[in-house]
Amino acid sequence: MKESGTIEQRIAQNEKDTQDLGVRLDALDEEIGGHKKNVEDLEAQIAQSRERMTEINQQREGLQLKVRERERASRAGGR
C-alpha cells in the first residue's frame with residue numbers, strides 16, 4: 001500500500017514537473033521570438049547602413065575623380 005502511494009506521488013509530481021516545463025518552454029519560445037525580431041531589425045538597419053555607405057563611397061570617388069581632373073587641367077594649363 002505504501003509503495004503505491006509513493007508511486008502515485010511520483011506520478012503526480014512528474015505531471016506537475018511536465019506542466020511546469022511546458023510553461024517554461026512557452027516562455028522561452030516567446031523570448032526567442034523577441035530575440036529573432038531584434039535580430040531581424042538589426043539586420044535591416046545593417047543593410048540600410050551598408051547601402052548608405054556605398055552611396056557615400058560612390059560620391060567620394062566621384063569627387064576625388066573631379067579633383068584629379070582639375071589638378072590635371074591646372075597642370076596642363078600652367079605649362
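Q: What makes a run of residues a helix or a strand here, and how many of each does the protein have?
A: Helices are DSSP runs of H or I with at least four residues, strands are DSSP runs of E with at least two, and both are numbered from the N terminus. By that rule the protein has one helix and zero strands. This is a predicted model, in which local features need pLDDT of at least 70, side-chain atom pairs count only at pLDDT 80 or more, and totals for chains, interfaces and linings use all residues. Residues are numbered from 1 along each chain as its sequence is written, and side-chain values use heavy atoms, with hydrogens and water left out.

Q: How do you know whether the radius of gyration of the protein fits a compact globule of 79 residues?
A: The radius of gyration is taken over C-alpha atoms, and the globule rule is 2.2 Å times the number of residues to the power 0.38. For 79 residues a compact globule would come out near 12 Å, but the protein has 34 Å. The box filled by the C-alpha atoms is roughly 115 × 15 × 5 Å along the principal axes.

Q: Which separations of C-alpha atoms go with Ala12 and Lys2?
A: Ala12 and Glu69 are 57 residues apart along the chain, and their C-alpha atoms are separated by 85 Å. For Lys2 and Lys36, 34 residues apart along the chain, the separation is 50 Å. Ala12 lies in helix α1, and so does Lys2.

Q: Why is Lys2 called exposed, and what is Ala12 called?
A: Buried means under 20% relative accessible area, exposed means over 50%, and partly exposed is in between (1.4 Å probe, protein chains only). Lys2 has 74% relative accessibility, so Lys2 counts as exposed. Ala12 has a relative accessible area of 43%, and is therefore partly exposed.

Q: What percentage of the residues in the protein is buried?
A: Buried residues make up 0% of the 79 residues.

Q: Why is the contact between Lys16 and Asp20 called a salt bridge?
A: A salt bridge is a side-chain nitrogen of Lys or Arg within 4 Å of a carboxyl oxygen of Asp or Glu. The N to O distance for Lys16 and Asp20 is 2.9 Å, so the pair meets the definition. Side chains of opposite charge can pair when their charged atoms come close. Both residues lie in helix α1 (residues 2–77), four residues apart, about one turn of the helix. Lys16 is partly exposed at 43%, and Asp20 is partly exposed at 37%.

Q: What makes Asp41 and Lys37 a salt bridge, and where do they lie?
A: Their side chains meet at 2.8 Å, N to O. They both lie in helix α1, four residues apart, about one turn of the helix. Asp41 has a relative accessible area of 34% and is therefore partly exposed; Lys37, with 44%, is also partly exposed.

Q: How many residues apart are Glu55 and Arg52, and what distance makes them a salt bridge?
A: Glu55 and Arg52 are three residues apart in helix α1, about one turn of the helix. Their side chains meet at 3.2 Å, N to O. Glu55 counts as partly exposed at 39% relative accessibility, as does Arg52 at 43%.

Q: How many salt bridges does a search of the whole structure find?
A: The search finds four, among them the pair Lys16 and Asp20.
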